Amino acid sequence: MRIGPLILLFVIVGLLFLLDWYVYQGLKTLTEPMQSTAARQSIRWGHWLISLGLPVFIALVYVNLGRMNFYFTTAGSIFTMMLVTKLVFVGVLMGGDLFRVAEGAWNWIAGQGGTNGGEFIPERRRFVSQLALGVAAIPFTSFLYGITKGKYNFKVHRHTLYFPDLPEAFDGFTIAQISDIHSGSFQDADAVRRGVEMVNEQGADLFVFTGDLVNSMATEFDPWVDIFKQIKAPYGQYSILGNHDYGDYHRWPSAEAKRQDFEAMLRNHAKAGFRLLLDEQVAIEKDGQQIALLGVENWGIGFGQRGDLKKALADVPKGAFKVLLSHDPTHWEKEVKAYSRHIHLTLSGHTHGMQMGVEIPGLRWSPVKYRYPRWAGLYEENGRFLNVNRGFGFLGFHGRVGIWPEITVLELKRGTV
């Protein structure tokens, strides 16, 4: 290992230890009045057992079994839950400690305390530790729900879009979109089946899937084929590839093994009843009129730029109404929205909304916004629309907190708002 990453590792470990030490100080204050010495020591030692044991367990699993396995991601999700909870706990505790320091400074200036064994800075008040525990319980319970239930808490998002040049036959045409299935993360078949049933219940005219069928390899989708092939729409089911569908995140024994996995991935789309679009277009026809549905391979800043928009547009008539499937919203940002040919609507995914954030009336925030300015929902610029689906599945963090798995239904209307 190079010196730079090793130093960074020691810094991170040191900061985590300081965080746990600070939490321990708060726990000491909370448990001091307990009459049972055994209970008091169990809580204090339990804190260190979890705080030190969980990272060691994660490291051992990573070394022996690999990154993207169930045990690693589950332990990592619990670690994330505990880390956020500790940060909130310490944040409140630190506020109380700053007040103690200010009070101590005043005592020093006023000449109070510090004599006859007295102390300028008063002891930490148990109330502050109790308050910290109560506030920290909010993210803890939110994350616990997100890990156990929230990751399958499917929500339907509906949007109505108006286009003056939409063919008359498609006035009121509906498109159902899901993205980022990440089948390698699923464990609950009944919950996944319920999500697929919700897709069908929308009764959309057209169904599209915008990439990331798996986490790392094609075989992850095998147990789920029969569920996802239940998705049906009158005008067909179409799909594209995402960055996780190329086998780039797995250590293959050979280039040939990776190639065979990719071919299996292509077959998986067909098994699910999805028509996979690889830098190409199909004409969706209704009552003698058409719209062009385009699909490109993955194109994203930092995740490979395989897609060829020019190739996908090659056979599209001039003036056609166009809907583009492109997995990564940075493609829309960097190329599509300013492309020489007008692309009316782009459907993407990829961000997952980071699977955690806040979406309530008047407040919509997720840490992912600092990486992707268009991270969830509908956007428009110069008459070109982008919809970023929050994802159907989950990856890495085995849960969702505030950013729920999404089924999008878009209704196309002829006219202006």
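Buried means a relative accessible area under 20%, exposed means over 50%, and partly exposed covers the range in between. The exercises below apply to a predicted model.

**Exercise 1. Classify the two partners of the salt bridge between E381 and R374 as buried or partly exposed, and state which network they belong to.**

Step 1. The contact itself is a salt bridge between E381 and R374, in which the closest N and O atoms are 2.9 Å apart.

Step 2. R374 has a relative accessibility of 19%, and because this value is under the 20% cut-off, R374 counts as buried.

Step 3. E381, with a relative accessibility of 26%, counts as partly exposed.

Step 4. Through salt bridges that share partners, E381 and R374 are joined with E333 and K337 into one network.

**Exercise 2. Determine which parts of the chain the salt bridge between E32 and R44 ties together, and describe the accessibility of each partner.**

Step 1. The structure holds 20 salt bridges, and one of them pairs E32 with R44, with 3.0 Å between the closest N and O atoms.

Step 2. E32 is located in the loop between α1 (3-31) and α2, whereas R44 is in helix α2, so the pair ties together parts that are twelve residues apart in sequence.

Step 3. E32 is partly exposed at a relative accessible area of 49%, while R44 counts as buried at 9% relative accessibility.

**Exercise 3. Find which residues line the largest cavity, and sort this lining by class and by helix.**

Step 1. A search of the whole structure for cavities of 30 Å³ or more finds one, and the largest cavity holds about 30 Å³ of space.

Step 2. The residues that line the largest cavity are I50, S51, L54, F79, M82 and K86.

Step 3. Sorted by class, this lining comprises four nonpolar residues, one polar residue and one charged residue.

Step 4. Sorted by helix, α2 (37-65) and α3 (70-110) each supply at least two residues of the lining.

**Exercise 4. Describe where T141 is found, how accessible T141 is, and which backbone oxygen lies 3.0 Å from a polar atom of its side chain.**

Step 1. T141 is found in helix α4, which spans residues 126-148.

Step 2. With a relative accessible area of 47%, T141 is partly exposed.

Step 3. A polar atom of the T141 side chain lies 3.0 Å from the backbone oxygen of I138.

Step 4. For a separation along the chain and in space, take T141 and S239, which are 98 residues apart in sequence and 36 Å apart from C-alpha to C-alpha.

Terms used. Residues numbered from 1 in each chain as written. Predicted model: local features only at pLDDT ≥ 70, side-chain atom pairs only at ≥ 80, totals over all residues. Heavy atoms only, no water. 1 Å grid on protein atoms, 1.4 Å probe; cavity = no way out; pocket = protein on both sides within 12 Å on 5 of 7 lines; lining within 4 Å. Points joined across faces, edges and corners; volume = space filled by probe spheres on them. Helix = DSSP H or I, 4+ residues; strand = E, 2+ residues; numbered from the N terminus. Nonpolar A, V, L, I, M, F, W, Y, C, P; charged D, E, K, R; others polar. Buried < 20%, exposed > 50% of the residue type's maximum accessible area, 1.4 Å probe, protein only. Polar contact = N/O pair within 3.5 Å; in protein donor to acceptor, adjacent residues only side chain to side chain. Salt bridge = Lys/Arg side-chain N within 4 Å of Asp/Glu carboxyl O.
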